[in-house]
Amino acid sequence: MSRRTITCLLVLYWIVVWAAVIFRIDYFPLTWVPMYSVYAPSDTISAKVWDKDQYKKGLKVTHRDGSISYVSYKDLNIPKPNFRRLYYSRIFGTAPPKHKQGNTELGPLNRWIRGLDKGELYFSVDWEWRMFWTINKTLGHEPPDPQFIIRMETQHQKRIYRKADLFHGHTSKFELITNHALIEWKDSWVPRWEHALL
Amino acid sequence: MRCYKKIGEAWNHFFFTGFSGESLGLLRMYIGCGLLAFHTYQFATVLSLKPLGSMYYFIEPIWYFQLLGIHYHIPALSFVIYALLMGATITMIMGKWTRSSILIVILCIFYLKGVRDSFSGDVHHRYIIPMQMLLLFLLSKCGQVHSRDANRKVYPPVQEWEASWPIKTIQLYVALFYFWSVIAKVRVSGWEWFAGGGRIQEVLIKRSVRWGLTGEGELVKNSLSFELAQHPELIQIFSHLVLAFELGFPLILFIKAVKLRALFLAGVITFHIATFVLMDVNFLLIPFVYLVFFDLVPIHSWLKARTAHLFTRRNSVAC
């Protein structure tokens, strides 16, 4: 390649890279947000407490025939850290950081480019439906099967610290709450079963 | 008109001067060696799965998996791709079929990263810089020096401008990567992110508490993070340091003194180690890309001299 071609290539490269930054494109290998960026100031800090034994046991699920069992990371054959995210976040409807970053302070230009109406989110995922699709599909259960999972539940504890207490070194002062998630299969989802995650 | 000329001159001076073909070939070799460890570290979780176990249906496939209609994971295939990735990285280091090797490395990373990030929808950014490097290596003449390919075929010498543009582009990308981090924080959260160190304190507490407590009420892990979280004045200093180093990272491009540059990067490495230990932010191995800020020719000569010396001594002992 000649020096002129390389110059054109470099100009194009930097246009693409900067366009990703300006228009908030976060699709590998482009990004506008390399590291943690979302922060909403509040008077409290809420911290999840993982229960190793509980998540090792897995999600408590109810099958169509009424039987109850547990689905663990071993059953799904996925890494532990990823299962933790299903167990502590997705089932509660909590999106991954990429979605939060993509939805926060998008700005009028980027909303207009994406054709978003007022208040409409760029990333919006029905995590309940996806949990049922992912887990049932992986385990080979189809909607009419007696083993088809129709209910999932999990719970975890959360510690709520007041920043004012932490500033004074009062680490033993916190409020302990238990978050419980229970999601149920809806038969209205059946028509989209074979259309993957649409 | 004069302005355009000056911009052109500055552009040419920055992108097309400073490095030799030898530097480019060595950078390919050393970055390749770094990648061997990096790949293994990044994909270790995927390799912990049962090759013949369940085929997991992704909850949130990465964008190119969605485009290609890849909805589930074939565990055995990931092991094959990983072996291919390591093999191609080794041939890239050796400079054998260099372009094809780099292309295979790129495709394997796309696949394995896609798998890892589609399990639960958490997309990580650790491969962004290495991927930019590989794309630029692919377009460059990095396989024509210090390579098996060069032994087989006689190439014309790589000129300074041909060797410099990929290295300088990578340097600029790495510097901007940190700079964009500040822009992103300010765009999304405003200066509140840095003011008072609130975000850092939040992450310190969340990451220390989440592993739970022992029977005696002690934190299972990261007790140092929890301790630190109780010193807001100290966190405030750290948050200002983060701001200063992320904003100031592009200054490295203007630092000529090698020792000063190494000192700056040592500071950045300390930052990554600290965020890994205290906050579980996993950019621990990314500093291998900082090799791009140095001309590797004298370093390689020094290492070669040292190795040759050791080798000769062993031979003499054997005799």
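How many residues of chain A are in contact with chain B, and how many of chain B with chain A? In this predicted model, 52 residues of chain A meet 54 residues of chain B. On the chain A side, at least two residues apiece come from helix H1 (3-22), strand E1 (44-49), H3, helix H4 (80-88), helix H5 (97-103), H7, E4 and helix H8 (163-167). H7(A) chips in the largest share, five residues. Sorted by character, the side of chain A that touches chain B has 30 nonpolar, 10 polar and 12 charged residues.

That makes H7(A) worth a second look. Helix H7 of chain A runs over residues 127-139, and its 13 residues reach 18 Å from the first C-alpha to the last, close to the 18 Å expected at 1.5 Å a residue. Its buried residues are Trp127(A), Met131(A), Phe132(A), Trp133(A), Thr134(A), Ile135(A), Asn136(A) and Thr138(A). These pack against strand E3 (68-71), helix H3 (73-76), strand E4 (149-162) and strand E5 (175-184) of chain A. Just after the helix comes Gly140(A), with a positive phi of about 80°.

As for the chain as a whole, chain A has eight helices and five strands, which follow one another along the sequence as α-β-α-β-β-α-α-α-α-α-β-α-β. The radius of gyration of chain A is 22 Å, whereas a compact globule of 198 residues would come in near 16 Å. Along the principal axes, the C-alpha atoms of chain A fill a box of roughly 70 × 55 × 35 Å. Buried residues account for 25% of the chain's 198 residues. Of the contacts in chain A between residues at least 6 apart in sequence, 62% link residues at least 24 apart.

Conventions: Residues are numbered from 1 along each chain as its sequence is written. Chains are lettered from A and ligands numbered from 1 in the order in which they are written. This is a predicted model: local features need pLDDT of at least 70, side-chain atom pairs count only at pLDDT 80 or more; totals for chains, interfaces and linings use all residues. Helices (H or I, at least four residues) and strands (E, at least two) are DSSP runs, numbered from the N terminus. The expected span of a helix is 1.5 Å times one less than its number of residues. A residue is buried if 20 or more other C-beta atoms lie within 10 Å of its own, exposed if 12 or fewer, and partly exposed in between; C-beta atoms are placed from the backbone. Two residues are in contact if their C-beta atoms, placed from the backbone, lie within 7 Å. Ala, Val, Leu, Ile, Met, Phe, Trp, Tyr, Cys and Pro count as nonpolar, Asp, Glu, Lys and Arg as charged, and the others, Gly among them, as polar. The radius of gyration is taken over C-alpha atoms; the globule rule is 2.2 Å times the number of residues to the power 0.38.
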